[in-house]
Amino acid sequence: MQLRVRADQQTPGWKARYAVRSGVEGTMNEFAHGHGMRHCRYRGQPKAHLQYVLTAIAVNIERLSSRSETGELSSPRPPTAFQTFLDHKEIPRSKSWRTLGT
């Protein structure tokens, strides 16, 4: 069973589906840990929904404000220690897992 699942994970179709999921997982993690969305401030579904919508709007504004006029991120992430090590040893980096399915 495990071997079949691992073999399926190497197919382009699975990688394309997982690339979409991984983007959503990152956004959910940002909401839960970065914006305190594990707990609602208000009682009642309409008020909780309003909190989620307003938080989503704030996150979108924050993301848009970090982009330059050309659409590129204004401050790219600094390389990790592992990426710096690979660059120092002149070892080519593997392709990003986000682009494997395309």
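**Figure 1. Glu25 and its partner Arg21 on helix α2.** Glu25 is partly exposed in this predicted model, because its relative accessible area is 42%, between the 20% limit for buried and the 50% limit for exposed. Its side chain meets that of Arg21 in a salt bridge, with 3.3 Å from N to O. Both residues belong to helix α2 and sit 4 residues apart, which is about one turn of the helix. Such a spacing suits a pairing of this kind, because an α-helix has 3.6 residues a turn, so residues three or four places apart point the same way.

**Figure 2. The Glu30–Arg63 bridge between two helices.** Here is a salt bridge between Glu30 and Arg63, whose closest N and O atoms are 2.6 Å apart. This pair links distant parts of the chain: Glu30 is in helix α2 and Arg63 in helix α3, with their positions 33 residues apart in the numbering. How exposed is Glu30, and what is its relative accessibility? Glu30 counts as partly exposed because its relative accessibility is 25%. Arg63 is partly exposed too, because its relative accessible area is 35%. Searching the whole structure turns up 2 salt bridges.

**Figure 3. Helix α2 from end to end.** Take a step back and follow the helix that carries Glu30. Helix α2 covers residues 12-34, a run of 23 residues. From its first C-alpha to its last, the helix reaches 32 Å, close to the 33 Å expected at 1.5 Å a residue. Which residues of α2 are buried? They are Ser22, Phe31 and Ala32. The cover over the buried residues of α2 includes helix α3, residues 45-65. After α2 comes Gly36, which has a positive phi, near 65°.

**Figure 4. Thr55, a buried residue of helix α3.** Thr55 has its place in helix α3. It counts as buried because its relative accessible area is 14%, under the 20% limit. Leaving aside residues up to four places away in sequence, Thr55 touches Phe31, His35 and Met37. One of these, Phe31, is itself a buried residue of α2. Which backbone oxygen does the side chain of Thr55 reach? It is the backbone oxygen of Gln51, at 2.8 Å.

**Figure 5. Gln51 and the residues it touches.** Gln51 also lies in helix α3, and it is buried because its relative accessibility is 10%. With residues up to four places away in sequence left out, Gln51 touches Met37, His39, Cys40, Arg41 and Tyr42. Met37 is worth a second look, as it is among the residues that Thr55 touches. For Cys40, the C-alpha to C-alpha distance to Gln51 is 7.7 Å, at a separation of 11 residues in sequence.

**Figure 6. A nonpolar surface patch around Ile57.** Leu50, Val53, Leu54, Ile57 and Ile61 make a nonpolar surface patch of about 440 Å². Ile57 has its place in helix α3. Is Ile57 buried or partly exposed? At 42% relative accessibility, Ile57 counts as partly exposed, so it passes the 30% needed for a residue to join a patch.

**Figure 7. Glu90, a positive phi without a glycine.** Glu90 has a positive phi of about 55°, although it is not a glycine. This residue is found in the segment after helix α4, which spans 81-88. Glu90 is exposed because its relative accessible area is 71%, over the 50% limit.

**Figure 8. The whole protein, to put the close-ups in place.** The secondary structure comes to 4 helices and 0 strands, and the order from the N terminus on is α-α-α-α. How many residues does the protein have, and what percentage of them count as buried? There are 102 residues, and 9% of them count as buried. Among contacts with a separation of 6 or more, 40% join residues 24 or more positions apart. The protein exposes about 9,100 Å², and carbon and sulfur atoms supply 58% of that area.

Note on methods:
Residues numbered from 1 in each chain as written. Predicted model: local features only at pLDDT ≥ 70, side-chain atom pairs only at ≥ 80, totals over all residues. Heavy atoms only, no water. Expected span 1.5 Å × (residues − 1). Buried < 20%, exposed > 50% of the residue type's maximum accessible area, 1.4 Å probe, protein only. Contact = heavy atoms within 4.5 Å. Patch = residues over 30% accessible without salt bridge, like charges linked within 9 Å, V, L, I, M, F, W, Y side chains within 5 Å. Areas by Shrake-Rupley, 256 points an atom, 1.4 Å probe, with all protein chains shown as cover. Salt bridge = Lys/Arg side-chain N within 4 Å of Asp/Glu carboxyl O. Polar contact = N/O pair within 3.5 Å; in protein donor to acceptor, adjacent residues only side chain to side chain.
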